[in-house]
Amino acid sequence: MPNVLNGADTAWVLVCAALVLFMTPGLAFFYAGQVPSRNTLAMLQQNFIPLGVVSITWILLGYTIAFGDDAGTGLVGNLKLFGLMHTRTTPAPAPSFHVVAPGVTIPTLAFVTFQMMFAIITPALITGATAGRLRLLGWAVFIAIWSVVVYAPVAHWLWHPGGWLARFGAQDWAGGMVVHTSAGAAVLAILLVVGRRRNWPKLGTLPNSLPLTIVGAGILWFGWFGFNAGDGLRADGIAAQALLNTHIAAAAGLVVWLIVEKLRSKHATVLGGASGAVAGLATVTPCAGYVSTLSALAIGAIAGLLCYLALRVKFYLRFDDALDVVAVHFVGGVIGSLLLGLFGQRAANSVGANGLFFGGGAGLLGRQAVAVLAVAAFSFCLTWLIAFAVEKTVGLRVAPADEGRLDRVQQAVEAYHLDAISGLPGSGGPEARRAVAPTRAVAPPVAEGPDATTNLVTGLLDPERVQTDELEDALSHAGASSVVVTEAHAAVETPQAQTVRGYRRNLELVSRLRVEVLVPERSVGAVLHVFDQFSAEHPEGFVQDVRPSASVQR
């Protein structure tokens with residue numbers, strides 16, 4: 001007699017599917033805030049493209065390859081479910097998902113939708129490594145092929161009961177190997193094809209908006225509850241355990257990363273905290289439904305330490321992973337999959353297995369190691385072939401000259417149109433007062449005859465010292481008849497050092513305000529004195545003689 005569909009379980013899986021979908025925009029924000037401002041829209045679009053492309057490939061081929069009846073080899077499913085044909089006639093429990101005990105009672109289409117969201121976000125992870133180098137068309141073609149040829153078979157190997165790694169005894173709760181290891185190995189392969197950015201590793205780029213990155217990290221953390229807690233396909237105690245494990249591992253990763261960062265670089269940064277949290281989330285993913293809360297705490301702490309230390313690997317091996325996808329996701333996915341062989345505990349989930357620390361011996365650890373190597377090698381080799389073919393046909397890498405201006409080249413518009421000068425602090429007050437500050441009287445030019453000399457005095461001021469009302473008052477009292485302020489960058493004797501995930505960037509050209517003032521000759525000294533008050537390091541003023549233009553007779 002067929003099982004009756006369980007409404008609570010179905011609702012839970014659908015909610016988790018929505019949470020995992022939300023992670024993809026979160027990932028877009030997380031990456032977009034870290035790239036140069038002129039590449040922001042390009043990064044956002046590279047992450048949104050999978051929402052369209054992979055959704056279509058999943059319905060047509062991805063799902064049947066991953067979860068259709070095994071073709072007999074343990075490598076792929078058959079094509080019976082092409083285009084989701086016959087899914088409505090599949091009896092419940094429809095999903096062939098080996099991490100779940102028999103008797104799951106949700107509709108097949110709920111499972112299809114939930115798994116689709118994993119297929120979408122996996123290739124999106126790659127974009128952080130290739131930042132500044134991808135053609136949009138080439139990227140779309142690449143992920144269409146990759147999602148079918150690489151992702152779907154790996155999902156079959158580990159998550160279908162007929163998959164060869166599932167039969168072998170390897171375990172992956174929510175994607176330590178299927179998602180993070182496969183995407184991380186793909187990063188290494190695609191970087192061989194697209195190469196490094198110009199002037200890397202001497203190239204130093206700063207994040208354009210760390211607040212945007214933190215918003216993305218928060219969305220990822222929130223969405224990860226669906227990512228890990230939905231994989232049992234039931235609203236039960238194991239879902240609660242997986243959700244708690246997810247949060248505790250992220251918290252531990254955050255704290256340990258900050259501690260190590262403080263010890264090594266003297267600064268515990270907000271980007272470091274976000275990176276540590278994501279490292280903890282990625283590392284606990286293969287373990288979330290198989291381990292206890294204390295084990296999840298240890299796994300997150302190990303992730304915070306090892307993923308931070310892995311940041312330097314790209315410099316030793318000379319691969320240009322722009323946003324450290326390998327250090328966070330690949331290393332996290334690999335060590336999380338291996339740590340399951342140590343911390344796995346049947347007391348947490350009866351369909352799991354005991355790891356080395358809980359009396360299970362080294363068997364599970366060995367099986368996990370074999371599975372990690374198989375997935376990484378398969379993804380690396382196939383990804384290189386796909387990327388190479390795309391590069392030689394439609395093109396995958398942008399022209400080096402366009403690396404720093406992808407928004408203009410690919411979008412015909414830039415993300416930000418901001419005037420830094422109008423953002424300077426100045427006078428104002430509460431709106432409720434309806435009060436308007438009196439207009440300041442600007443000293444009129446002194447009439448000294450038709451041949452009187454007017455001087456143009458130019459200075460470079462420190463924007464951190466300027467408040468517009470104070471500057472305006474001071475120049476007015478000094479005798480200025482006209483004030484023009486523009487943005488500029490000036491060389492300084494002592495470069496300003498800024499550090500992003502352990503990479504030091506020296507700013508030799510720093511932001512300055514270029515202030516041009518028209519004054520009568522007798523007021524030049526007063527204006528230069530004002531400039532001294534608002535300048536940094538060695539203030540300089542430039543004085544030019546100018547003469548009023550003659551009136552135009554109409």
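**Exercise 1.** In this predicted model, determine whether glutamate 516 counts as buried, partly exposed or exposed, and identify the residue with which arginine 514 forms a salt bridge.

*Solution.* Step 1: the relative accessibility of glutamate 516 is 22%. Step 2: buried means under 20% and exposed means over 50%, so glutamate 516 counts as partly exposed at its 22%. Step 3: arginine 514, at 35% relative accessibility, also counts as partly exposed. Step 4: arginine 514 forms its salt bridge with glutamate 516, and the closest N and O atoms are 3.7 Å apart. A salt bridge requires such atoms to lie within 4 Å.

**Exercise 2.** State how many salt bridges the structure holds, and examine the one between aspartate 324 and lysine 314.

*Solution.* Step 1: the count comes to seven salt bridges. Step 2: in the pair of aspartate 324 and lysine 314, the closest N and O atoms are 3.0 Å apart. Step 3: lysine 314 belongs to helix 11 (313–317) and aspartate 324 to the loop between helix 11 and helix 12, so the pair ties together parts that are 10 residues apart in sequence. Step 4: aspartate 324 is buried, with a relative accessible area of 7%, and lysine 314 is buried, with 9%. Step 5: glutamate 403 and arginine 397 also meet in a salt bridge, at 2.1 Å from N to O, and both of these residues are buried. Step 6: a network of salt bridges links Arg133, Arg197 and Asp320.

**Exercise 3.** Test whether the end-to-end distance of helix 12 agrees or disagrees with its number of residues, then locate the kink.

*Solution.* Step 1: helix 12 comprises residues 325–343, 19 residues in total. Step 2: the expected span is 1.5 Å times one less than the number of residues, so helix 12 should span 27 Å. Step 3: its end C-alpha atoms are 25 Å apart, which agrees. Step 4: the kink in helix 12 is about 25° and is centred on valine 331. Step 5: of the 19 residues of helix 12, 17 are buried, so the helix is largely enclosed by the rest of the structure.

**Exercise 4.** Describe the largest cavity by its volume, its lining residues and the character of that lining.

*Solution.* Step 1: rolling a probe the size of a water molecule over the atoms shows where empty space is left. Step 2: the whole structure contains four cavities of 30 Å³ or more, and the largest cavity holds about 50 Å³ of space. Step 3: its lining consists of Met23, Leu27, Ile121, Leu125, Val179, His180, Leu220, Trp224, Phe227 and His329. Step 4: helix 1 (7–32), helix 6 (176–194) and helix 7 (210–229) are the elements that give two or more residues to this lining. Helix 7 gives the most, with three residues. Step 5: the lining residues divide into eight nonpolar, two polar and no charged.

**Exercise 5.** Find where a cis peptide bond occurs, and give the phi values of arginine 318 and alanine 412.

*Solution.* Step 1: most residues other than glycine have a negative phi, and most peptide bonds are trans. Step 2: the cis peptide bond joins tryptophan 200 and proline 201, with omega about 5°. Proline 201 lies in the loop between helix 6 and helix 7. Step 3: arginine 318 has a positive phi near 65°. Arginine 318 is placed in the loop between helix 11 and helix 12 and is partly exposed, with a relative accessible area of 39%. Step 4: alanine 412 has a positive phi near 60°. Alanine 412 occupies the loop between helix 14 (406–411) and strand 1 (454–461) and is exposed, with a relative accessible area of 58%.

Note on methods. Residues numbered from 1 in each chain as written. Predicted model: local features only at pLDDT ≥ 70, side-chain atom pairs only at ≥ 80, totals over all residues. Heavy atoms only, no water. Helix = DSSP H or I, 4+ residues; strand = E, 2+ residues; numbered from the N terminus. Bend = angle between axes of the 7 residues up to and from the residue. Buried < 20%, exposed > 50% of the residue type's maximum accessible area, 1.4 Å probe, protein only. 1 Å grid on protein atoms, 1.4 Å probe; cavity = no way out; pocket = protein on both sides within 12 Å on 5 of 7 lines; lining within 4 Å. Points joined across faces, edges and corners; volume = space filled by probe spheres on them. Nonpolar A, V, L, I, M, F, W, Y, C, P; charged D, E, K, R; others polar. Salt bridge = Lys/Arg side-chain N within 4 Å of Asp/Glu carboxyl O.
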